[in-house]
Amino acid sequence: MSLKTNPTCFSKLPLLLFSLLLFSFSTAYALDTSSSRTLTPENIKRVLNEAHSKSKENKDGKNADYIKALADVNPDLFGITIVTTNGNIYEVGDAKSEFSIQSISKVFTAAKAIQQHGAKALQEKVGASATGMPFNSIIAIEHQPKRAANPFVNAGAIASTSLIKAKDGEERWEVIKSNMDDFAGRELEFNEVVYQSEVNDNKRNQAISKLLDAYGRMYADPLETTTIYTKQCSVNVSAHDLAVMGATLANHGVNPLSKKKVIDPQYPKYVLALMATAGLYDGAGDWLYDTGTPAKSGVGGGIVAVVPGKLAIGVFAPPLDSIGNSVKGQLAAT
Ligand code: DON
């Protein structure tokens with residue numbers, strides 16, 4: 001994550017996809033007569049293939065290496081999946097390759113915390129403001145009146161994990177994991193190698209949890225919660241899983257494949273608002289400016305982007321930019 005990459009090459013992959021998909025949906029079936037821009041399966045597949053083949057040779061960025069196991073992942077893996085709210089699936093490349101979900105897990109724990117406590121409670125107990133600071137900032141905790149800022153920086157994610165209702169830490173982990181499974185519509189694997197690699201070298205997140213605790217902003221034991229948070233980051237997903245998980249948010253909380261109601265229909269809009277403002281950390285403003293679309297990244301190389309009511313896109317490509325966001329997941333396909 002020490003690498004710099006050209007910030008001007010932000011987000012054109014989803015841009016290309018969204019411009020086709022949004023245009024196609026928003027023209028409401030009739031106005032557009034150009035057959036290359038209507039939302040047919042053929043057009044979606046064509047755009048996906050173009051986006052994939054134009055980005056796949058890009059060598060910018062570098063795998064995260066502050067979690068040692070992530071440095072060992074093949075940097076050339078690259079997959080994209082689209083899942084629509086009516087359950088159609090389109091994919092290209094390494095869409096079924098599994099990788100650790102990392103920060104994208106924060107979305108689903110925040111969703112569960114909102115489901116359990118209500119949207120107002122999450123805003124008050126954790127926060128819902130973009131920090132403009134790096135995702136593991138300690139200075140941000142000192143500056144922000146609510147300390148954690150939002151559920152997608154590490155501080156807010158650890159605080160959100162501590163909010164999950166359970167009789168003890170073991171049950172809290174089970175609730176978090178089964179919630180992620182429900183979003184994905186299958187039992188996700190736990191990546192023990194990634195977990196061991198991070199949990200034994202976790203002093204910064206432990207310090208964050210202790211500082212929050214000192215401010216009265218942790219709602220369970222800080223060190224135990226940090227370990228549970230590290231576990232949720234170590235759950236394996238694929239681009240396919242991310243697209244299904246995102247499509248569950250796009251589909252008002254109902255998984256479009258399993259048809260299970262995962263969260264109540266009034267809550268996805270709050271999760272999507274957090275994704276829009278803080279999903280790509282200090283890159284969130286540029287991302288939103290370029291795509292207009294809520295999304296969330298993780299240092300494992302995943303990005304999930306959601307078009308509410310329509311579809312979600314999952315991307316996996318491990319090399320990251322200096323902020324910690326997948327380069328190819330953001331790349332231009334001009
Ligand atoms: O806590 C950490 O640092 C990682 N487990 C997750 C960070 C992350 O994915 C930030 N992403 N862009």
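Lys 62 is partly exposed in this predicted model, because its relative accessible area of 30% falls between the limit of 20% for burial and that of 50% for exposure. The side chain of Lys 62 meets that of Asp 65 in a salt bridge, with a separation of 2.6 Å from N to O, and the two side chains are likewise recorded as making a polar contact at 2.6 Å. Asp 65, for its part, is also partly exposed, with a relative accessible area of 36%. This aspartate is situated in the loop that runs between helix H2 (41-55) and helix H3 (68-71). Although Asp 65 and Val 299 are 234 residues apart in sequence, their C-alpha atoms are 9.3 Å apart in space.

The pairing of Lys 62 with Asp 65 belongs to a wider set of charged contacts, a search of the whole structure having found 11 salt bridges. Side chains of opposite charge can pair when their charged atoms come close. A further example is provided by Lys 167 and Glu 171, whose side chains meet in a salt bridge of 3.1 Å, taken from N to O. The two partners fall into separate classes of accessibility: Lys 167 counts as exposed at 69% relative accessibility, whereas Glu 171 is partly exposed, with a relative accessible area of 27%.

A salt bridge is also formed between Asp 182 and Lys 260, in which the closest N and O atoms are 3.4 Å apart. Asp 182 is located in helix H8 (residues 169-184), while Lys 260 is found in the loop between helix H12 (239-250) and helix H13 (268-278), so the pair ties together parts of the chain that are 78 residues apart in sequence. Both members of this pair are partly exposed, the relative accessible area being 24% for Asp 182 and 41% for Lys 260. Beyond these pairs, Glu 98, Arg 186 and Asp 241 are linked to one another in a network of salt bridges.

Negative charge is also found gathered on the surface, where Asp 168, Glu 170, Glu 174, Asp 213, Asp 221 and Glu 224 form a patch. Residues in such a patch have over 30% relative accessible area and take part in no salt bridge. Among the members of the patch, Asp 213 lies in helix H10 (residues 203-214). With a relative accessibility of 35%, Asp 213 counts as partly exposed, because this value lies above the 20% under which a residue is called buried and does not pass the 50% over which a residue is called exposed.

Buried positions were examined as well, one of them being Ser 103, which lies in the loop between strand S3 (99-100) and helix H4 (105-117). Ser 103 counts as buried because its relative accessibility is 7%, a value under the 20% cut-off. The side chain of Ser 103 makes a polar contact with the side chain of Lys 106, at a distance of 2.8 Å. Pro 319 is likewise buried, with a relative accessible area of 9%, and is found in the segment that follows strand S7 (311-316). Pro 319 and Gly 302 are separated by 17 residues in sequence, and the distance between them in space, from C-alpha to C-alpha, is 9.9 Å.

Key. Residues are numbered from 1 along each chain as its sequence is written. This is a predicted model: local features need pLDDT of at least 70, side-chain atom pairs count only at pLDDT 80 or more; totals for chains, interfaces and linings use all residues. Side-chain values use heavy atoms; hydrogens and water are left out. Patches are made of residues with over 30% relative accessible area and no salt bridge: like charges are joined within 9 Å, nonpolar side chains (Val, Leu, Ile, Met, Phe, Trp, Tyr) within 5 Å. Accessible areas come from the Shrake-Rupley method with a 1.4 Å probe; for residues, only the protein chains shown count as cover. A salt bridge is a side-chain nitrogen of Lys or Arg within 4 Å of a carboxyl oxygen of Asp or Glu. Lys and Arg count as positive and Asp and Glu as negative; His and the chain ends are not counted. The place of a charge is taken as NZ of Lys, CZ of Arg, CG of Asp or CD of Glu. Helices (H or I, at least four residues) and strands (E, at least two) are DSSP runs, numbered from the N terminus. Buried means under 20% relative accessible area, exposed over 50%, partly exposed in between (1.4 Å probe, protein chains only). A polar contact is a pair of N or O atoms within 3.5 Å; within protein, one must be able to donate a hydrogen and the other to accept it, and residues adjacent in sequence count only if both atoms are side-chain atoms.
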